[in-house]
Amino acid sequence: MKVGVIAGGISSEREVSLRSGQAVFNALKELGYDVVFIDAGIDLCEKIKIEKIDIAFLVLHGGWGENGAVQGMLEVMGIPYTGSGVLASALAMDKEASKKIFLYHGIPVPPFKVLNKKDYISSAVSLSSFSFPCVVKPAEEGSSIGVNIVKNEREFKNAINEAFQFGKRVIIEKFIEGREIHIGVLGDKALGGVEVRPKKGFYSYEAKYTKGLTEYILPPEIDNALYEKLKELGLKAHKSLNCKGGTRVDMIVDQQGNPYVLEVNTIPGMTETSLLPKIASLAGYDFKGLVKEILELSLKNNEK
């Protein structure tokens, strides 16, 4: 069996994806798999044909690598792949769609509004209808790219303009002061969680990928009942979108202990210091063990 590790892509998360992909490639190599690294570009289909892979291990972040497009291409080519399918990937990447599905399933999310670019440009939307502080984010981006916490109208306009650089819809969420906790899910079980404490501001792209800017608490320093509740909620969010393989569910817990799901990451970071591998270590998986399990889950799903 030849495994193709597909990473890179053309999204704003390309560099992180390449690091994740290299770590997965090294792990599979050390485990003895016949493995090839494929740097995904617009010629991805041709590269896959040339390499003649039997299964794709997807380590793409953002854009068409994570929104179901590559998954759809692989379906047409008849090549199985790791992780979530076309629809689950598309829903998880679209924050408006995923929030509506979470609400349908009784999963709490921060109160939010959706702002369309054409309405904003035509001044059909009154900015006075939004209250501060709030969180402004693109509807379809990952790694906190284009995300800002704003406290007044001037900051709001700047944040809106930045978020519209990444798409035609912007999500405006109520800012919830609290603790940010991420739950890792693998297959049909919640592995555990990690609390992130950025040393300045919020868990931004810079805080995520700059060494020393964030403190990680494993497991989170919360009471056991709340921890179990978060794990149940994480698994419920994963299942509500029909996700497969390994995912990371991002949540915030307010000062009264009420949890809110922010999003589900269907292809979370897979460097050896990324959050899902950290969480998986709580459940007894070292990095190579986690990579092997994700691959084997995909093979099992493909047999059904």
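# Exercises on R169 and its surroundings

A polar contact of 2.7 Å joins the side chains of R169 and E96. The model is predicted. Start from this pair and work outward.

## Exercise 1. Place R169

Task: Find which strand holds R169, and decide whether R169 is buried or exposed.

Solution.
- Step 1. R169 sits in strand β7.
- Step 2. Its relative accessibility is 19%.
- Step 3. Buried means under 20%, so R169 counts as buried.

## Exercise 2. List the partners of R169

Task: Which residues form salt bridges with R169, among them E96 and E140? Give the N to O distances.

Solution.
- Step 1. Take E96. The closest N and O atoms of R169 and E96 are 2.7 Å apart, and the pair forms a salt bridge.
- Step 2. Take E140. The side chains of R169 and E140 meet in a salt bridge of 3.2 Å, N to O.
- Step 3. Place this second pair along the chain. R169 is in strand β7 (residues 169-174), while E140 is in the loop between β5 (134-138) and β6 (148-150). The two are 29 residues apart, so the pair links distant parts of the chain.
- Step 4. Compare burial. R169 is buried at 19%, whereas E140 is partly exposed at 37%.
- Step 5. Join the bridges. Through shared partners, D94, E96, K100, E140 and R169 form one network.
- Step 6. Add polar contacts. The side chains of R169 and D94 are joined by one of 2.8 Å.
- Step 7. Check the wider surroundings. Beyond four places in sequence, R169 is in contact with D94, E96, V114, L115, N116, P138, A139, E140 and F164.

## Exercise 3. Describe the interface of domain 2 and domain 3

Task: Into which domains is the chain divided, and how many residues does each side give to the contact between domain 2 and domain 3?

Solution.
- Step 1. Set the bounds. Domain 1 covers 3-82, domain 2 covers 91-108 + 177-301, and domain 3 covers 112-174.
- Step 2. Count the contact residues. Domain 2 gives 13 and domain 3 gives 16.
- Step 3. Locate the centres. Over C-alpha atoms, those of domain 2 and domain 3 are 24 Å apart.
- Step 4. Choose a size scale. The size of an interface is often given as the accessible area lost when the parts come together.
- Step 5. Apply that scale. About 1,300 Å² is buried between domain 2 and domain 3, and carbon and sulfur atoms give 58% of that area.
- Step 6. Count the specific pairs. Between domain 2 and domain 3 there are 3 salt bridges. The interface also has 4 residue pairs in polar contact.
- Step 7. Find the helices on the domain 2 side. Both α5 (95-104) and α8 (205-209) supply at least two residues of the side that touches domain 3. The largest share, 4 residues, comes from α5.
- Step 8. Sort that side of domain 2 by residue type. It divides into 7 nonpolar, 1 polar and 5 charged residues.

## Exercise 4. Compare two more salt bridges

Task: How many salt bridges does the whole structure have? Then describe the pairs K2 with E51 and K47 with D43.

Solution.
- Step 1. The whole structure has 18 salt bridges.
- Step 2. K2 and E51 meet through their side chains at 3.3 Å, N to O.
- Step 3. K2 lies in strand β1 (residues 2-8) and E51 in helix α2 (residues 44-51). They are 49 residues apart, and the pair links distant parts of the chain.
- Step 4. E51 has 25% relative accessibility, so E51 counts as partly exposed.
- Step 5. K47 and D43 form a salt bridge, with the closest N and O atoms 3.9 Å apart.
- Step 6. K47 is partly exposed at 28%. D43 is partly exposed at 36%.

## Exercise 5. Examine two buried residues

Task: Where do M251 and S89 lie, and which residues do M251 and S89 contact?

Solution.
- Step 1. M251 lies in strand β11 (residues 246-254).
- Step 2. M251 has a relative accessible area of 0%, so M251 is buried.
- Step 3. Leave aside neighbours within four places in sequence. M251 then contacts R179, E180, I181, I183, L230, L233, G234, Y260, V261 and L262.
- Step 4. S89 belongs to helix α4 (residues 86-93).
- Step 5. S89 is buried, at 1% relative accessibility.
- Step 6. With the same neighbours left aside, S89 contacts E66, N67, G68, Q71, S84 and T266.
- Step 7. Relate M251 to S84. The two are 167 residues apart in sequence and 20 Å apart in space, C-alpha to C-alpha.

Definitions and conventions: Residues numbered from 1 in each chain as written. Predicted model: local features only at pLDDT ≥ 70, side-chain atom pairs only at ≥ 80, totals over all residues. Heavy atoms only, no water. Domains from an automatic or database assignment. Contact = heavy atoms within 4.5 Å. Buried area = accessible area lost by both parts, 1.4 Å probe. Salt bridge = Lys/Arg side-chain N within 4 Å of Asp/Glu carboxyl O. Polar contact = N/O pair within 3.5 Å; in protein donor to acceptor, adjacent residues only side chain to side chain. Nonpolar A, V, L, I, M, F, W, Y, C, P; charged D, E, K, R; others polar. Buried < 20%, exposed > 50% of the residue type's maximum accessible area, 1.4 Å probe, protein only.
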